Amino acid sequence: MLNSLVAGLTSGGVYALLGLCVVLTYRLVAVVNFAMAGVGTMGAFIMVSLMDLGLPWPVALVIGVVAGSLLSALIGSGLVRWFGEHDERTKAAVTVALFVAIGAIGLRLFGSTSTGARRFPTVFDSPAFTLGDVVVPQSVLVSLAFAALITFGVGLMLSRTSVGLRLQALSERPGTAQVVGIPAPKLAIAVWAAIGGVSTLVILLVAPRLGGDFSTLSGLVTTALAVAMVGSFKSLPLTLLGGVLMGLLEGFAASLDEIQKYRGVVPFLVILVLLWWRSRNEVWDTAHSR
């Protein structure tokens with residue numbers, strides 16, 4: 001079971017990173033981004049395709065991350081230009097449509113689950129230390145450290161820097177922010193570009209363990225949304241905690257033969273439980289306000 005929990009910690013760090021990307025996109029540009037994992041997967045596959053052509057992996061990595069950033073910035077630019085005045089549900093629906101389109105294009109370019117699996121570089125698979133008889137790989141430490149860095153680094157940036165204050169103004173009052181001289185469209189597109197680059201790095205981190213096919217990796221958006229719901233799409237520390245717990249829960253499920261086949265259902269169960277719990281609280285509050 002300890003082996004499964006360690007593997008779950010690796011996934012937990014990655015899930016936390018994906019959830020943080022969802023929360024940051026929502027907090028900073030008020031969009032629930034369903035296309036995020038698809039964008040990251042596209043950047044990751046561009047990288048591995050360039051490696052297959054003989055390009056050194058560091059150069060291919062830079063190109064892949066830039067490609068993910070540019071694709072995400074393009075999506076953000078379209079949303080700002082054509083859907084800037086629409087409500088959050090409309091913007092979310094647009095990203096759902098883009099997720100489907102990116103998935104279709106990715107499968108066309110890189111192949112299906114059975115024909116398009118790629119071998120991704122395993123840079124952080126070397127042992128970091130041993131816990132009893134269990135070898136803890138570097139990927140556990142890297143994913144958790146990266147998630148913690150984003151959680152607390154972004155939190156400090158938003159509260160302590162002028163750029164952070166501008167980003168908060170952009171998310172809360174975009175129209176007013178533009179009136180007082182804050183370049184709202186440029187900041188929004190910069191946020192989208194940064195999220196695209198981080199998403200690509202996260203997908204590259206988890207791809208070797210999940211088999212490396214486009215549909216599986218882009219489908220991680222469901223787990224990212226479940227983790228973001230733990231933090232109510234607002235709290236970065238709770239999102240970090242939710243990602244780690246999600247990974248541990250999945251690892252625990254994988255250690256039990258009876259439910260191992262169904263561990264992929266865990267994100268959906270988390271979403272259902274959270275929706276039920278929050279609707280229950282709303283009904284309770286409404287009843288007591290009468």
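Let me start in the middle of the fold, where the buried residues of helix 3 pack against helix 2 (36-52), helix 4 (88-110) and helix 8 (184-210). Please keep in mind as I go on that what you see above is a predicted model.

Which residues of helix 3 are buried? They are Ala-60, Gly-64, Val-65, Gly-68, Ser-69, Ser-72, Ala-73, Ile-75, Gly-76, Gly-78 and Leu-79. Helix 3 itself covers residues 57-83, which is 27 residues, and from its first C-alpha to its last it reaches 37 Å, close to the 39 Å that would be expected at 1.5 Å a residue.

I would like to pause on one residue of that helix, Ser-69. Its relative accessible area is 16%, and because buried means under 20%, Ser-69 counts as buried. If we leave aside the neighbours within four places in sequence, Ser-69 is in contact with Ala-193, Gly-196 and Gly-197.

Now let me step back to the whole chain. Its secondary structure comes to 12 helices and 2 strands, and if you read along the sequence, the pattern is α-α-α-α-β-β-α-α-α-α-α-α-α-α. The chain has 290 residues, of which 43% count as buried. Among contacts between residues at least 6 apart in sequence, 74% join residues that are at least 24 apart.

With that picture in mind, we can look at two helix pairs, beginning with helix 2 and helix 8, whose axes come within 7 Å of each other and cross at roughly 65 degrees. Helix 2 is therefore roughly perpendicular to helix 8, and the crossing between helix 2 and helix 8 is right-handed. On the side of helix 2, the contact is made by Met-36, Ala-37, Val-39, Gly-40, Thr-41, Gly-43, Ala-44 and Met-47, while helix 8 brings Ile-195, Gly-196, Ser-199, Thr-200, Ile-203 and Leu-204. Sorted by class, the residues in this contact of helix 2 with helix 8 are 8 nonpolar and 6 polar, with no charged residues. You may recognise Gly-196 from a moment ago, since it is one of the residues in contact with Ser-69.

The second pair is helix 10 (residues 221-230) and helix 11 (residues 236-254), which pack at an angle of about 130 degrees with their axes 7 Å apart. That angle makes helix 10 oblique to helix 11, and here, too, the crossing of helix 10 and helix 11 is right-handed. From helix 10, the contact is made by Thr-223, Ala-226, Val-227, Ala-228 and Val-230, and from helix 11 by Leu-238, Thr-239, Gly-242, Gly-243 and Met-246. By class, this contact of helix 10 with helix 11 has 6 nonpolar and 4 polar residues, and no charged ones.

Finally, what value does phi of Ser-232 take? It is near 55 degrees, which is a positive value in a residue other than glycine. Ser-232 lies in the loop between helix 10 and helix 11, and Phe-233 is found in the loop between helix 10 and helix 11 as well. Phe-233 also has a positive phi, of about 60 degrees, although it is not a glycine. Are these residues buried or partly exposed? Ser-232 is partly exposed, with a relative accessible area of 37%, whereas Phe-233 is buried, with a relative accessible area of 16%.

Conventions. Residues are numbered from 1 along each chain as its sequence is written. This is a predicted model: local features need pLDDT of at least 70, side-chain atom pairs count only at pLDDT 80 or more; totals for chains, interfaces and linings use all residues. Side-chain values use heavy atoms; hydrogens and water are left out. Axes are lines fitted to C-alpha atoms, for helices over the stretch in contact, and angles run from 0 to 180 degrees between N-to-C directions. Helices (H or I, at least four residues) and strands (E, at least two) are DSSP runs, numbered from the N terminus. Angles under 35 degrees count as roughly parallel, over 145 as roughly antiparallel, 65 to 115 as roughly perpendicular and the rest as oblique. A crossing is left-handed if the near helix is turned anticlockwise from the far one by less than a right angle, and right-handed if clockwise. Contact means heavy atoms within 4.5 Å. Ala, Val, Leu, Ile, Met, Phe, Trp, Tyr, Cys and Pro count as nonpolar, Asp, Glu, Lys and Arg as charged, and the others, Gly among them, as polar. The expected span of a helix is 1.5 Å times one less than its number of residues. Buried means under 20% relative accessible area, exposed over 50%, partly exposed in between (1.4 Å probe, protein chains only).
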